[in-house]
Amino acid sequence: MAEPAEAKEALPAGEETARGGRPEKRPPHPPHQAVLFLPGVLREGVFHAERLPWGVPVALGGKALKDPEGEAGEGIFALWPRTDEGGRLLSLQAASRLREPYEGPQAVVQGVLIHADRERLVLLILPKAGEPFKVGLRRARGFTARLEVKKAYRVEGRLGGPYLLAERAWPLGKYLQAKKEGQPLPPPIQGRENPYLEPQKGRAKPEEEREEAPPVGEPPKPSPAPSGGKALLEKPSQPPKGGKPGGKPLPRRDPVRVWRAPEEPPDPAPPDLGRPPALKRGQLMGIAGTGPFYLVLLPQAVPEWWPRVEARLPELTRRYEVRFYPDGSRAVVCGDLEALKVWYKRVLRG
């Protein structure tokens with residue numbers, strides 16, 4: 001995977017005083033960065049890319065600003081994005097055209113994580129020159145792993161409509177060390193899994209309360225008799241149902257409910273299982289259903305409207321499902337009618 005030249009350069013090394021009094025140089029530290037890789041064309045000082053959302057201004061920076069003729073042409077360009085904290089693109093700078101094909105995802109953000117929740121990530125970028133700034137990314141669908149703030153990460157993702165979407169991440173130090181030594185990359189943080197989280201440490205019991213477990217296959221040893229030489233014959237008093245005597249009640253545990261499909265369905269499947277809900281007469285696209293609710297596109301409306309619907313799907317704020325039907329119809333299914341209506345109006349406005 002070819003890295004842009006900006007990622008390979010380093011900050012000027014600082015100096016520290018060693019014990020002997022001689023200055024000791026610190027190892028170079030690669031600058032944090034935010035790069036968006038997109039196919040496009042740079043001609044006469046103007047950059048154009050089909051995948052950029054409408055209305056996002058693009059300026060020239062880096063090599064493209066110093067040598068626009070040398071970077072001109074068609075190819076994969078490294079762009080520096082500026083976003084709001086929600087991940088929406090505000091502006092871009094076309095920096096350079098890659099001489100080698102870029103094999104990875106389209107968005108790479110390296111920085112210190114300062115905010116993380118279920119919907120978005122916000123990283124602090126420390127460039128080589130200039131003031132630090134923030135870059136926001138929305139979490140791609142399925143990427144829900146917990147990340148720790150105040151730590152540096154490399155986040156990779158893609159451009160989804162007007163937003164940067166995060167799909168996987170690595171601890172920045174481990175990633176750069178593996179690249180420097182030519183070793184395979186460490187496992188990524190993706191989906192729900194974060195292999196770098198340390199288990200929460202609980203309070204250890206004092207040595208007086210610890211009991212040695214009996215070997216496998218042997219019954220547990222009886223507890224020693226009290227200091228009278230005679231064991232108590234009475235049964236110990238049972239603690240109340242709330243838990244230990246004088247303690248807090250045990251937390252309530254809801255039973256796990258498991259549903260199993262019957263071996264033979266009691267009723268045959270309805271005849272309209274392979275068709276979306278019916279629209280009003282003469283309507284080719286609209287919302288139907290009584291819960292869940294469907295945005296239905298008939299086959300006549302799919303060529304013109306489905307690309308717009310698909311491009312706006314990341315903006316739907318509730319869980320949704322896309323369905324394809326044998327007759328060519330398509331539908332977006334959502335359980336929240338109001339959220340579906342608000343999103344549908346955005347699709348119609350374009």
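Which residue forms a salt bridge with Arg 120? Keep that in mind while you get the view set up, and remember that what you have open is a predicted model.

**Stop 1: Arg 120 and its partner**

Select Arg 120 and Glu 85: these two form the salt bridge, with the closest N and O atoms 3.8 Å apart. The pair ties together distant parts of the chain, since Arg 120 sits in strand S9 (residues 120–125) while Glu 85 is in the loop between S6 and strand S7 (89–97), 35 residues apart. Switch on a surface and check both ends. Arg 120 is partly exposed, with a relative accessible area of 24%, and Glu 85 is partly exposed too, at 39%.

**Stop 2: Gln 110**

Now jump to strand S8 (residues 107–116) and pick out Gln 110. Is Gln 110 buried or exposed? It counts as buried, because its relative accessibility is 4%, and the cut-off for buried is under 20%. Show side chains and look for Arg 154: a polar contact of 2.5 Å joins its side chain to that of Gln 110. Next, select what surrounds Gln 110. Leaving aside neighbours within four places in sequence, you'll find Pro 31, His 32, Gln 33, Ile 125, Tyr 153, Arg 154 and Leu 172 in contact with Gln 110.

**Stop 3: strand S3 and its partners**

Stay with S8 on screen and add strand S3 (residues 33–43). S3 is mostly covered, with eight of its eleven residues buried. Try its partner strands one at a time:

- S8: the pairing with S3 is antiparallel, over four bridges. Click Val 35 and look straight across to Val 108 in S8.
- S6 (residues 73–83): again antiparallel with S3, this time over seven bridges. Here Leu 36 stands opposite Leu 79.
- S4 (residues 46–48): antiparallel with S3 over three bridges. Val 41 has His 48 as its bridge partner in S4.

Before moving on, zoom in on the hairpin of S3 and S4. There are two residues between the strands, and Glu 44 takes a positive phi near 55°.

**Stop 4: helix H5**

Scroll along to helix H5 (residues 302–312) and colour Val 302, Trp 305, Trp 306 and Val 309, the buried residues of this helix. Why do they end up on the same side of H5? Because they cover an arc of only 105° around the axis. Turn to the other side of H5 and you'll see Pro 303 and Glu 304, which are exposed.

What do the buried residues of H5 pack against? Bring up strands S14 (285–288), S15 (293–297), S16 (320–324) and S17 (330–334), along with helix H6 (337–349).

**Stop 5: the sheet beside H5**

Hide the helices for a moment and look at the strands. The four of them form an open sheet in the order S14-S15-S17-S16, with antiparallel pairing. S14 and S16 stand at the edges, each with a single partner strand, so one side of each has no neighbour in the sheet. Tilt the view to follow the twist, which averages 20° from one strand to the next.

For a closer look, take S16 and S17, which pair in the antiparallel sense over five bridges. Select Tyr 320 and you'll find Cys 334 of S17 opposite. Then turn H6 back on: this helix lies across S14, S15 and S17, and runs at about 175° to S14.

**Stop 6: more salt bridges**

Side chains of opposite charge can pair when their charged atoms come close. How many salt bridges does the model hold? The count comes to twelve, so there are others to visit.

Start with Glu 315 and Arg 346, a salt bridge whose closest N and O atoms are 3.9 Å apart. This one also links distant parts of the chain: Glu 315 is in the loop between H5 and S16, Arg 346 is in helix H6, and they are 31 residues apart. Glu 315 is buried, with a relative accessible area of 4%, whereas Arg 346 is partly exposed at 36%.

To finish, select Glu 85, Asp 117, Arg 120 and Lys 134 together: salt bridges that share partners join them into one network.

Terms used: Residues numbered from 1 in each chain as written. Predicted model: local features only at pLDDT ≥ 70, side-chain atom pairs only at ≥ 80, totals over all residues. Heavy atoms only, no water. Buried < 20%, exposed > 50% of the residue type's maximum accessible area, 1.4 Å probe, protein only. Polar contact = N/O pair within 3.5 Å; in protein donor to acceptor, adjacent residues only side chain to side chain. Contact = heavy atoms within 4.5 Å. Arc of directions from axis to C-beta. Pairing = 2+ DSSP bridges. Axes fitted to C-alpha atoms, helices over the stretch in contact; angles between N-to-C directions. Salt bridge = Lys/Arg side-chain N within 4 Å of Asp/Glu carboxyl O.
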